[in-house]
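Open the model in your viewer and keep the selection box handy. We will go stop by stop, with something to pick at each one.

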Amino acid sequence: MHIPDGYLGPATCAVMFAVMIPVWYFAFKRAGEKLGPKEVPMLAVLSAVSFLVMMFNWPVPDGTTAHMVGGTLIAIILGPWAAVIAVTVALVIQAFFFGDGGITALGANCFNMAFVLPFAGYYIYRALEGRMGKIASSAIAAYIAINIAAIFAAIEFGVQPYIAPGYCPYGLNLSIPAMSLAHLATAGPVAAVVTAAVVGYLEKSRPDLLELKKIAPGVTE
Amino acid sequence: MESWLKKTLTVIAIFVAIVPLGILGTWNCGDAWGEWGEVQDTAHGINWAPQAYFGAPLPDYNVEGWDSMLMASVGYWISAIIGIALTMLVILGIVKALEIAREGK
């Protein structure tokens with residue numbers, strides 16, 4: 001899901017940065033107000049976990065590859081604004097040091113993986129948690145969230161032939177099925193199992209770590 | 001150090017040890033969809049390559065020229081260690097900057 005340079009036209013890149021600037025602003029503002037001594041090391045290791053899980057690629061049947069992101073897990077533990085920061089930092093380092101994801105596409109990649117994904121995961125988890133418990137709701141949240149993020153990436157790719165010829169050569173008719181296959185069939189299930197395993201382990205062994213301060217909209221303490 | 005932090009760092013170290021699986025498992029596969037260096041697709045009549053604007057120091061999580069499975073694995077290890085160290089340092093730097101900003105108010 002790391003869109004490289006040269007795939008998105010200038011207008012798409014600009015719009016995605018324009019959307020992300022206020023998101024980053026609020027994420028940093030809320031983190032500055034609410035990160036306590038216990039949350040800081042957790043944020044650092046979860047950002048590293050996100051970087052690391054994105055290095056575990058596996059083959060997809062159509063000849064491409066996929067990986068999970070970890071955004072839902074981070075959003076469940078520390079809240080979605082914290083996940084914005086953790087995943088953004090991982091994506092920035094991937095783009096600048098390892099050429100994974102373009103610099104001009106950084107706004108789009110952060111929008112998909114560091115904003116849409118953790119917010120979707122967080123709210124799905126919160127909606128389901130009371131009814132079906134933490135493990136099942138974290139699995140479903142992680143599964144749906146990575147697929148929503150993948151569809152956003154597919155739309156960004158797929159609109160280029162219509163608005164910016166010379167950039168991504170494939171339209172929506174190819175980008176959406178390809179991205180959905182990879183994430184419905186492989187990345188979604190992996191994200192669901194890994195997220196639920198960690199949440200289940202924490203619930204059993206360290207429930208206090210699921211009760212850390214959440215950096216989330218509407219959470220005042 | 002708190003026990004959970006020690007445990008988490010141990011788990012991270014184990015996954016770093018096996019991180020070459022992330023490249024060896026996809027050795028003969030293509031790239032992720034939409035992450036190709038060039039597209040030669042005769043079925044759709046597309047012959048295209050994206051413009052690259054920047055060079056990265058360790059492109060594709062490897063040292064340039066380390067092309068064998070063994071050397072690419074070593075490059076992947078090095079990349080994982082550098083990436084994780086940088087990630088944590090940047091987060092701690094951001095937290096420090098936020099603290100300074102808060103105290104300045």
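A polar contact here is a pair of N or O atoms within 3.5 Å; within protein, one must be able to donate a hydrogen and the other to accept it, and residues adjacent in sequence count only if both atoms are side-chain atoms. This is a predicted model, in which local features need pLDDT of at least 70, side-chain atom pairs count only at pLDDT 80 or more, and totals for chains, interfaces and linings use all residues. Residues are numbered from 1 along each chain as its sequence is written, chains are lettered from A and ligands numbered from 1 in the order in which they are written, and side-chain values use heavy atoms, with hydrogens and water left out.

**Stop 1: A:Arg30**

Select A:Arg30, in helix α1 (residues 10-34) of chain A. Helices (H or I, at least four residues) and strands (E, at least two) are DSSP runs, numbered from the N terminus. Now add A:Ala216: its backbone oxygen lies 3.4 Å from a polar atom of the A:Arg30 side chain. Which residues does A:Arg30 touch, not counting those up to four places away in sequence? They are A:Trp81, A:Ile215, A:Ala216, A:Pro217 and A:Val219, where contact means heavy atoms within 4.5 Å.

**Stop 2: chain A as a whole**

Zoom out and colour chain A by secondary structure. You should find seven helices and two strands, running α-α-β-β-α-α-α-α-α from the N terminus. With 221 residues, chain A has a radius of gyration of 17 Å, close to the 17 Å of the globule rule, so it is as compact as a globular protein of that length. That radius is taken over C-alpha atoms, and the rule is 2.2 Å times the number of residues to the power 0.38. Along the principal axes, the C-alpha atoms of chain A fill a box of roughly 50 × 35 × 30 Å. Of its 221 residues, 64% count as buried (under 20% relative accessible area; exposed is over 50%, and partly exposed in between, with a 1.4 Å probe and protein chains only). Among chain A contacts between residues at least 6 apart in sequence, 74% join residues at least 24 apart.

**Stop 3: A:Ala48**

Select A:Ala48 in helix α2 of chain A. Is this residue buried or exposed? A:Ala48 is buried, with a relative accessible area of 0%. Leaving aside neighbours within four places in sequence, show the residues in contact with A:Ala48: B:Ile12, B:Ile84, B:Thr87 and B:Met88.

**Stop 4: the largest pocket**

Next come the empty spaces. On a 1 Å grid over the protein atoms alone, a cavity is a set of points where a 1.4 Å probe fits but cannot get out, and a pocket is an open set with protein on both sides within 12 Å along at least five of seven lines; lining residues have an atom within 4 Å of a point. The largest pocket has a volume of about 1100 Å³. Select A:Gly99, A:Asp100, B:Asp31, B:Glu35 and B:Asp60, the closest to its centre of the 41 residues that line the pocket. Elements giving two or more residues to this lining are β2 (65-66) and α4 (80-98) of chain A, together with α2 (21-24) and α3 (69-104) of chain B.

Stay on B:Asp60, in the loop between β2 (46-48) and α3 of chain B. B:Asp60 is exposed, at 62% relative accessible area, and its phi is near 55 degrees, a positive value in a residue other than glycine. Then pick B:Tyr61, also found in the loop between β2 and α3 of chain B. B:Tyr61 has a positive phi of about 55 degrees, but counts as buried at 6% relative accessibility.

**Stop 5: the second largest pocket**

Here there is about 800 Å³ of space. Select A:Val49, A:Leu73, A:Val198, B:Val11 and B:Phe15, which lie nearest the centre among the 30 lining residues. What gives the most to this lining? It is α1(B), with seven residues.

**Stop 6: the largest cavity**

Three cavities of 30 Å³ or more are counted, and the largest cavity holds about 60 Å³ of space. To see its lining, select A:Ala31, A:Gly32, A:Leu35, A:Val40, B:Val95, B:Leu98, B:Glu99 and B:Arg102. The most comes from α3(B), with four residues.

Technical notes: Points joined across faces, edges and corners; volume = space filled by probe spheres on them.
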